[in-house]
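Please examine how the strands of this chain are arranged and how its side chains connect them. The account below moves from charged pairs to the sheet and then to the nonpolar interior.

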Amino acid sequence: ITDLDVGKMMAASPDTRGKMTGTGQLRLQVFGALGDNLMNSLTGTGDISVRDGKFPGFSMGSLGSLAKVQQFLSLGQGGASSNELTFTSITGDMKINNGRIASDRIHVDSPSGTVDLRGSLGFDQTLAYDGQANLTKSTSGGSSPTDTLLGVLGAATKQNLSGLSIPFSI
């Protein structure tokens, strides 16, 4: 599949409507046995990419509070955080087996930095991912949630932070 409008595809389900936009590409070869256990019988490999997209309405959670702290620490000069995350590309591999979609490499490039992760998601809606987010200060002079976070941490440590690396598990 090439030039897939991810926003339109996500709009097909009420659970995913409005969650992501972008232009996608998918290469997938999958095999399975028809019957009651179709999903668990699926096996296959492939790769996926989505470019120039957004996660509209993404809740920044505690970053909203961090923006207020940043504004206080900078004597009101800080900007407000956005409720939208943008990315230039998401790429990854996939292997389907035993009711799970596993990836050894998922890479996200965005104006806020990069994210690399590996792990799997189950058809039973379970997640198991480990990764590393490398956040960088924006060069546009704007005020992004990443800039807010780096500003708050920089003020707390009395350092001028231009980036931050954060390991995580989901």
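**From charged pairs to the core**

Asp 47 is partly exposed, with 27% relative accessibility. In this predicted model, Asp 47 forms a salt bridge with Arg 27, and the closest N and O atoms are 2.6 Å apart. Because Arg 27 belongs to strand E2 and Asp 47 to strand E3, the pair ties together parts that are 20 residues apart in sequence. Arg 27 also counts as partly exposed, at 49% relative accessibility. Side chains of opposite charge can pair when their charged atoms come close.

How many salt bridges does a search of the whole structure find? The search finds 6. One of them joins the side chains of Asp 124 and Arg 100, at 4.0 Å from N to O. This pair links distant parts of the chain, since Asp 124 sits in the loop between strand E6 (113-122) and E7, Arg 100 sits in strand E5, and their positions lie 24 residues apart in sequence. Asp 124 is exposed, at 56% relative accessibility, whereas Arg 100 is partly exposed, at 24%.

Strand E5 takes part in a further charged pair. Asp 104 forms a salt bridge with Arg 118, with the closest N and O atoms 3.3 Å apart. Here too distant parts of the chain are linked: Asp 104 lies in strand E5 and Arg 118 in strand E6, 14 residues apart. Asp 104 is partly exposed, with a relative accessibility of 41%. Both residues belong to a network of salt bridges that also takes in Asp 93 and Lys 95.

The strands that carry these charged residues can now be placed in the sheet. What is the order of the strands in the open sheet? The sheet has 8 strands in the order E1-E2-E3-E4-E5-E6-E7-E8, with antiparallel pairing. Its edge strands are E1 and E8 (163-169), each of which pairs on one side only.

At one edge, strand E1 (residues 4-5) pairs with strand E2 (residues 23-31) in the antiparallel sense over 2 bridges. Asp 5 has Thr 23 in E2 as its bridge partner. Strand E2 also pairs with strand E3 (residues 43-56), again in the antiparallel sense, over 9 bridges. Within that pairing, Gln 25 has Ser 49 in E3 as its bridge partner. At the other edge, E8 is joined to strand E7 (residues 127-136) by 7 bridges, and the two strands run antiparallel. There, Phe 168 in E8 is the bridge partner of Gly 131.

Ser 49 leads on to the middle of the strand order. Ser 89 lies in strand E4. Although Ser 89 and Ser 49 are 40 residues apart in sequence, their C-alpha atoms are 6.9 Å apart in space. Beyond its neighbours within four places in sequence, Ser 89 is in contact with Val 50, Arg 51, His 107, Val 108 and Asp 109.

Strands E3 and E4 are also connected through aromatic side chains. The structure has 1 aromatic pair. Phe 55 and Phe 87 form this pair, which is tilted, with 5.3 Å centre to centre and 40 degrees between the planes. Phe 55 lies in strand E3 and Phe 87 in strand E4 (residues 84-97), so the pair ties together parts that are 32 residues apart in sequence. Is each ring's residue buried or exposed? Phe 55 is partly exposed, with a relative accessible area of 26%, while Phe 87 is buried, with a relative accessible area of 4%.

Phe 87 brings the account to the nonpolar interior. Which residues form the largest nonpolar core? This core has 10 residues: Val 6, Met 10, Met 20, Val 50, Phe 87, Ile 90, Ile 106, Val 108, Leu 117 and Tyr 129. Helix H1 (6-10), E4 and strand E5 (100-110) are the elements that give two or more residues to this core. Val 50 and Val 108, both members of the core, are among the contacts of Ser 89.

Tyr 129, another core member, has contacts across several stretches of the chain. Leaving out residues up to four places away in sequence, Tyr 129 touches Ile 101, Ile 106, Leu 117, Arg 118, Gly 119, Ser 120, Leu 121, Phe 168, Ser 169 and Ile 170. Among these are the core residues Ile 106 and Leu 117, together with Arg 118, which pairs with Asp 104, and Phe 168, the bridge partner of Gly 131.

Methods
Residues are numbered from 1 along each chain as its sequence is written. This is a predicted model: local features need pLDDT of at least 70, side-chain atom pairs count only at pLDDT 80 or more; totals for chains, interfaces and linings use all residues. Side-chain values use heavy atoms; hydrogens and water are left out. Two strands pair if DSSP finds at least two bridges between them. Helices (H or I, at least four residues) and strands (E, at least two) are DSSP runs, numbered from the N terminus. Rings of Phe, Tyr and Trp (its six-membered ring) pair if their centres lie within 6.5 Å; planes under 30 degrees apart count as stacked, over 60 as edge-to-face and the rest as tilted. Buried means under 20% relative accessible area, exposed over 50%, partly exposed in between (1.4 Å probe, protein chains only). A nonpolar core is a set of buried Ala, Val, Leu, Ile, Met, Phe, Trp, Tyr and Cys residues joined through side-chain atoms within 4.5 Å. Contact means heavy atoms within 4.5 Å.
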